[in-house]
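Hi everyone, thanks for making time this morning. I'd like to walk you through one chain, so please have a look at it with me.

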Amino acid sequence: MEQYKDWEKLSTKELCVRFSIGPSAFKRKQQKEAALKRKVEPTHHVREIKEGRENFYYIKPKGGLIGILNCSIGKRDINVIETILKVIIERKHVPVQPVYAKLAGVTQSAISGYVAFLKENNIIIPPVTIPQYVLDEKEKTGEILSQRERKEGHRIYYDINSDGSYRLLDEDTQAQIHDTYTKKWGFEYATQVYPLQQEYGIKGQDLKGVIGNIDRLIWHKINETFGLNNGKRITEPEINPEIAKELIEYFKQVI
């Protein structure tokens, strides 16, 4: 149809597959309208057109953030979703749940649900992990003494102030702390952890206490050196690259 030439045309079956709608939802008018409102209308304009004996659905993505996400957000607040994604994209705040909650004006328990939703819909994607093994070199048995998954990605360093607020450190300070942290960890691992594994065959699980103590000591030194109250670091959340560029452009326009 001419007025819908820029719209995508779907059969009922195709629409159900695209938006994860059960076919039974289309048996009654009230159920169908509820399914369209809940599953399709949050992200797309939709028009139902009868052609011959069959009904077809013409859909067109809505503009703005909801169009970029291209998924049904249900009853969730798009402004809360925007706040979370903006924090990650703009890198002006610490991307952790307490900060999202404060900026969005909602509880942290509510934010947890939003973050889970963004991960489930492949908007925030899991970091790439690389398996690392320590083998028994003393007995040369090839036995795995420890195994862990190292997260790849950009590390973000921040401070938790005495009043509980979060402070993102400037880029130069972050770079200096990262250099200090990795060098100290490399030294402590080579002189304390690795020898315990090789000399006594201590497995990774049994080293948790030692590793925890080393981490606390390193952060104690970093806090003293850089004048921090309670320094921390996280791996930066990663946005799906398929929509990351669109989000960057979107937030440039809404500033």
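Let me begin with Arg91, which counts as exposed because its relative accessibility is 51%, just past the 50% cut-off. Arg91 sits in the loop between α4 and α5, and its phi is near 60°, a positive value in a residue other than glycine. Please keep in mind that this is a predicted model.

There is another residue to put beside Arg91. Ser20 is not a glycine, yet its phi is positive too, about 55°. You'll find Ser20 in the loop between α1 (12-19) and α2 (29-40). Ser20 is exposed as well, with a relative accessible area of 55%.

Now let's step back to the whole chain. It contains 9 helices and 10 strands, and of its 255 residues, 35% are buried. The exposed surface comes to about 16,100 Å², with carbon and sulfur atoms supplying 49% of it. If you take the contacts with a separation of 6 or more, 56% of them join residues 24 or more positions apart.

On to the inside. Which elements give two or more residues to the largest nonpolar core? That core has 27 residues, and those with the most contacts inside it are Leu69, Ile81, Ile84, Leu85, Leu118, Ile239 and Leu247. The elements in question are α3 (64-69), α4 (78-90), α5 (97-104), α6 (108-120) and α9 (241-254). Of these, α4 brings the largest share, 6 residues. A second core, separate from this one, has 13 residues, including Leu10, Phe19, Ile21 and Tyr57.

Let me zoom in on Leu118 for a moment. Setting aside residues up to four places away in sequence, Leu118 touches Ile81, Ile84, Leu85, Ile123 and Ile124.

Asn240 is a polar residue I'd like you to look at as well. Asn240 lies in the loop between β10 (238-239) and α9. Buried or exposed, then, is Asn240? Asn240 is buried, because its relative accessible area is 8%, and the cut-off for that is under 20%. Apart from neighbours within four places in sequence, Asn240 contacts Asn122, Ile123 and Ile125.

The strand I'd like to spend some time on is β7, residues 155-160. How many of its 6 residues are buried? The answer is 6 of 6. As a reminder, side chains in a regular strand alternate between the two faces of the sheet. In β7 both faces are covered: Arg155, Tyr157 and Asp159 are buried on one side, and Ile156, Tyr158 and Ile160 on the other.

Next, the partners of β7. β7 pairs with β9 (residues 231-235) in the antiparallel sense, over 5 bridges. β7 also pairs with β8 (residues 166-168), again antiparallel, over 3 bridges. Asp159 is a handy residue for seeing both pairings: its bridge partner in β9 is Gly231, while in β8 it stands opposite Arg167. β7 and β8 make a hairpin with 5 residues between them, and Gly164 in the turn has a positive phi of about 90°.

Staying in β7, let's pick out Tyr157. Tyr157 is buried, because its relative accessible area is 1%. Which residues does Tyr157 touch, not counting those up to four places away in sequence? They are Leu168, Leu169, Gln174, Ile177, His178, Tyr181, Trp219, Lys232 and Arg233. The C-alpha atoms of Tyr157 and Ala175 are 8.7 Å apart, with their positions 18 residues apart along the chain.

Trp219, one of the residues touched by Tyr157, takes us to α8. Helix α8 covers residues 208-226, and its 19 residues reach 27 Å from first C-alpha to last, close to the 27 Å expected at 1.5 Å a residue. Its buried residues are Gly212, Ile214, Ile218, Trp219, Ile222 and Asn223. Right after α8 comes Gly227, with a positive phi near 65°.

Last, the cysteines. Cys16 counts as buried because its relative accessibility is 7%, and Cys71 is buried too, at 10%. How many disulfides are there in the chain? The count comes to 0.

That's my tour, and I'm happy to go back to any part of it.

Definitions and conventions:
Residues numbered from 1 in each chain as written. Predicted model: local features only at pLDDT ≥ 70, side-chain atom pairs only at ≥ 80, totals over all residues. Heavy atoms only, no water. Helix = DSSP H or I, 4+ residues; strand = E, 2+ residues; numbered from the N terminus. Expected span 1.5 Å × (residues − 1). Buried < 20%, exposed > 50% of the residue type's maximum accessible area, 1.4 Å probe, protein only. Core = buried A, V, L, I, M, F, W, Y, C linked by side-chain atoms within 4.5 Å. Contact = heavy atoms within 4.5 Å. Disulfide = S-S within 2.5 Å. Areas by Shrake-Rupley, 256 points an atom, 1.4 Å probe, with all protein chains shown as cover. Pairing = 2+ DSSP bridges.
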